[in-house]
Structures are given as C-alpha cells and as structure tokens.
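Reader: I would like a close look at the cysteines of this protein, taken slowly and with the reasoning spelled out. Please treat the bonded ones and any others you can speak about in one connected account.

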Amino acid sequence: MGTGKDNLNTTTNPSRKLDRTISVTLFVLFLTACIITATSHNLLNKDLKQKSEKENTTTALLSVPKPRIREPAKGGLPPIPDFVKKKTAEHHRKEVETKVEHARLALQNAQAELENAESSTIIEDKGTISGSLHDTTKDEAIRITKAYPCPYEAISPMSKVLLRPTFGTHRSNKNAVFAFAEGYPLDVYVTFVESLKQTGYDGDVVFAVSSESEMKRDVADYLKFYSANANGTGIRVISYALPWVCYKKNGQRILSTNGKGHGSTTNNGFSDCQIDGLYSTKDGITPAKDPRVARPVATARYELYWVWSRQYEDSSRILIVDVRDTYFQTNPFVFEQSASADSCALDLFEENREAVNIGKSSYNSKWVRTAYGNDIYGTMSEKPVICSGSTMGTRAAIEIYTIAMVAQFDMSKCKQVGCDQGFHNFLYYDPDTKLNGALLENTCRINVHKQGEGAINNLAAMRNSPLKSQGVLIDGRNDIDDGAAVVNSDKVTLSPVIHQFDRDSELKGIIRKRTQLLTKKWMQQRNN
C-alpha cells in the first residue's frame, strides 16, 4: 500500500507546481497593468495642470499693465509712486476747501450781524451805498396763504431770501412804487422819479436795474443821489442790480455787448432769463440756482415784487407799474380811495373796453390760449383787457397777488413775452381761480377800475386817434406850467398816473420837453 501512495504523489506534484506558476504570472501581469494605468493617469493630469497654469499666466499678463520703468532717484532713493502723490494732493485740497468754507461762513455770519445791527441805516463806503432787507422772519415762518406755495419752496420750504439792495434801504412804514428798470438811459429814470416827486410823494421807489458797470451815463449817480436821503424824509430810491443769466430763444447765452452800459442782457425784459442766488438752499445760507427755467424777465419780475412787498408793513400801500412809459400828475396813493376804505384790497385797471377786449386783441388772445388753452380762452374772450403793467393794493394784497403770478408760470410754463398779462387776466376772470380764496383768507377784496376812472389811466387801446380829439389830452390848465394835462373820463379830474403815454405822439413830445427841464434841474442839484 505504501508503494502505491508514493506513486500517486509523484504523478500529482508537477500539476500543482504549474498551476501555482500560472497564478503568479497572472498576478504580476495584473499588477503591472494597474501600475501602467495609474502612471498614465498621473501624467495626463500633470499635463492638463501645466497647460491650465500657462493659460492663466497668459491671461494675467494680458490684463495687468506692465509697471512703468522709472529712472532711479538721485541718491539711490526710489521715486514716489504717482498714486501716492495724487492721494496726498487730494487730501491737501480737501483741507484747503474746508478752511475756505469755514472762513466764508464766518464772513457771512459777520455780515448778517452787521446788517441786523444797522438795518435802519445807510452804510456809505467809497461813494457806494449798500442796504439791507427789513426783517421778514415772521413772513418766512408763516405762509400768507395756503392757496399757493411761496416761490422759494420750489427749492425747499427751509430756503430763505438772500437778495439785498445795491443802493438804498427800505423804509418799512412807507408806501412804495415797484418797477423793473434795467438797461434804460437817464431820461427814463428822470421822467419817472422827478414827476412822482413833484406830486409830493415821499415814499420809496424800488427798481430792478443793471449792474453798475453796465448802467448808462449818469444813471448810477442818479440812483445813488436819491438813495442817500438819510434823514428819512422825501422820496427814496432803492435799487437792486441783479445777476441775470439770459438766453436767446435758441438757447444761446446772451453776453453783455461791451461792458460800458450800451447793452442789456435782459433786452428790457424780453429775454429769457434766470436769476441765481435770489434764494438760499435749504441750509438758509448757500445761494441756490434758480429753480425755474429761463423765462421772460417780464414774467420773472413778479418774484422780485414778491420779495420787495415783504419789506413793508401791512399799513403800506404799493403800486406796481411799468417804468418806460409812465408819468405822474398827482399822488396816486392820495387819489385812490378804494384801498384806503378796506383793510386789504387789490386794485386792477382796465384798458379801454370800447376799443378792445381779449378776443379782439390778437396779442391777448394768444397769451391766454398759450397759457390756459382754448376752453378757458372761450370763457374770457368777451371780457375787457385788464392791464398787467399797472396794479395797486395794500401790502398783503400785493404779496398774495405776486405769489399767484409766480404760481401761474409754474403751472402753465408759458414762455411767450406777454404771458404775464394772460396770467393777470386769468386770475381775475376765471371763476375757479385760487386768488379770490387767497384774498378772502386775509379779508381782502378786488376792485377793478374802468379805463379813465381810477388812479391809473391806461392809454394804449386809445391809439387809433389822437388823445386830444378824444378829450383825454387837454390844454389850458392853469395849475400846470405848460397847461397840458391828461384827464379821466369826466374830462376834468387829472389822471394821477399816465400809463403808456408814448402811444400818442403829441403827449410823448410834451413829456419829452418836461424831462429835459427836469434833467437839467437835477444836474444843477447834483453839482451844488
């Protein structure tokens, strides 16, 4: 049995040895394949990574500018980088601006204290006269009417009026006459002021005028002459030289023609203009840009009239009238009784209703249509024309009226020259106008005077025939040097204010001769 067992072992051992060899070989082959696969995978990843890094480097080189090559500074020190220089300069500039602003505010505060201390006096310096506004703190704090916003509220309810007179100081307890008077020669001022003075009027006359460098010959001397009556009696002229910024209809800026008083940027009220610095920003100190678009000065002037009206007491009465074509025969404030009969009244004055109405006048029709449309025009076309160049009233009534006029432009944006007359007529004739409510808030009333029956006689509509033939211009008055006079419709009573006198050639010639005598008389006074 033993021999058989040994024979079996001898026959089976070679087979097992072969199986083992095959298994080892297969394992080695498998392991080698795994190593080769892993190595290939690592090499591929490394190649992709190097390629990505190369692309990123290229992108960075393209997006980042190369540093500028600078020459080394003397002594071996590196140059100061540009961004450091720029930052240092900016910091220094801000420090300087802060110091300048602090100095400016300190100067303004000092000036305000000086004006408050000397508000009732005239300050003379090198022949010029500067004035100050009457204290209107109560007016700024309390709106006179809820119907319309104050004009400066287009900027901020916290804004204030910054405008100050160039010559003269308001007397708050006096009556006043307001007029836009920029760009005119001396004879226009003489006709207006001297004729008013001759009536015995002893109140204020307030003008908007050119800057002194642009005034025509002797005008500055004349305005200063009547602003310097420091004793407080007699007529006084207060003048505002305004920094108008004016444009042609195509938007081109209008510049002064030569700076020697021979040109006016406002074109006597017909240019489209803005006035910067009239009001402050909400801080009450910094001058603000005009919040309204450029508009004819004939429209913008009502903001000035509003500012001026706030310099007077409620007992004062105010006349707004054109300067170029007005002549005074008697004191209008003595004549006009309707205002004195009421604690608050607004007096309006018609043009001749037989000669013209709104519908018959191509100009008045255009102004109303442009501002308010055909429907409103239809309700007004048969109405008499009320002249916007002559308005009178107690102080509160004039303030309300001028606020309403500013609001009409804000609402309509009518930029035609003459639209202020459209506003003026709308405020009276439209039944839904807020003006009546605003006046009633202050227990005011409106009085409308027919042509030839009130203190102001508007003559333009009567130009179709000579005034003498109509019995308006008469001769033989013993109380007048040359005997000529303009009378009201009763053919006897002197018209206190002759408005639009230049529409009649004979009357224009009479007043021209009077002006020549008045000018000569004033020059003698000035030289004495």
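Author: In this predicted model, C387 is a convenient cysteine to begin with, because its relative accessible area of 3% makes it buried, the limit for that word being under 20%. C150 counts as buried as well, since its relative accessibility is 5%.

From these two cysteines we can turn to the bonded ones, for the structure holds three disulfides. A disulfide is a covalent bond between the sulfur atoms of two cysteines. If the bonded cysteines of the protein chain are numbered in sequence order, they pair as 1-2, 3-6 and 4-5.

One of the disulfides joins C246 and C273, whose sulfur atoms lie 2.0 Å apart. This pair links distant parts of the chain, given that C246 belongs to strand β6 (residues 244-247) and C273 to strand β7 (residues 272-275), with their positions 27 residues apart in the numbering. The torsion about the S-S bond of C246 and C273 is about 110 degrees, and the disulfide is therefore right-handed. As for accessibility, C246 stands at 0% relative accessibility and so counts as buried, while C273, with a relative accessible area of 0%, is buried too.

Another disulfide is formed by C344 and C444, with their sulfur atoms 1.7 Å apart. Here, too, distant parts of the chain are linked, 100 residues apart, but the two cysteines sit in loops: C344 in the one between α8 (337-341) and β11 (345-350), and C444 in the one between α13 (434-441) and β13 (445-449). The link of C344 and C444 is right-handed, with 75 degrees about the S-S bond. C344 counts as buried because its relative accessibility is 4%, and C444 likewise counts as buried, its relative accessibility being 6%.

The remaining pair to describe is that of C414 and C419, which form a disulfide with their sulfur atoms 1.7 Å apart. Both C414 and C419 are buried.

Returning to the pairing order with the residue names in hand, the 1-2 pairing is the bond of C246 with C273. The 3-6 pairing is the bond of C344 with C444, and the 4-5 pairing is the bond of C414 with C419.

Technical notes: Residues are numbered from 1 along each chain as its sequence is written. This is a predicted model: local features need pLDDT of at least 70, side-chain atom pairs count only at pLDDT 80 or more; totals for chains, interfaces and linings use all residues. Side-chain values use heavy atoms; hydrogens and water are left out. A disulfide is a pair of cysteine sulfur atoms within 2.5 Å. Helices (H or I, at least four residues) and strands (E, at least two) are DSSP runs, numbered from the N terminus. Buried means under 20% relative accessible area, exposed over 50%, partly exposed in between (1.4 Å probe, protein chains only).
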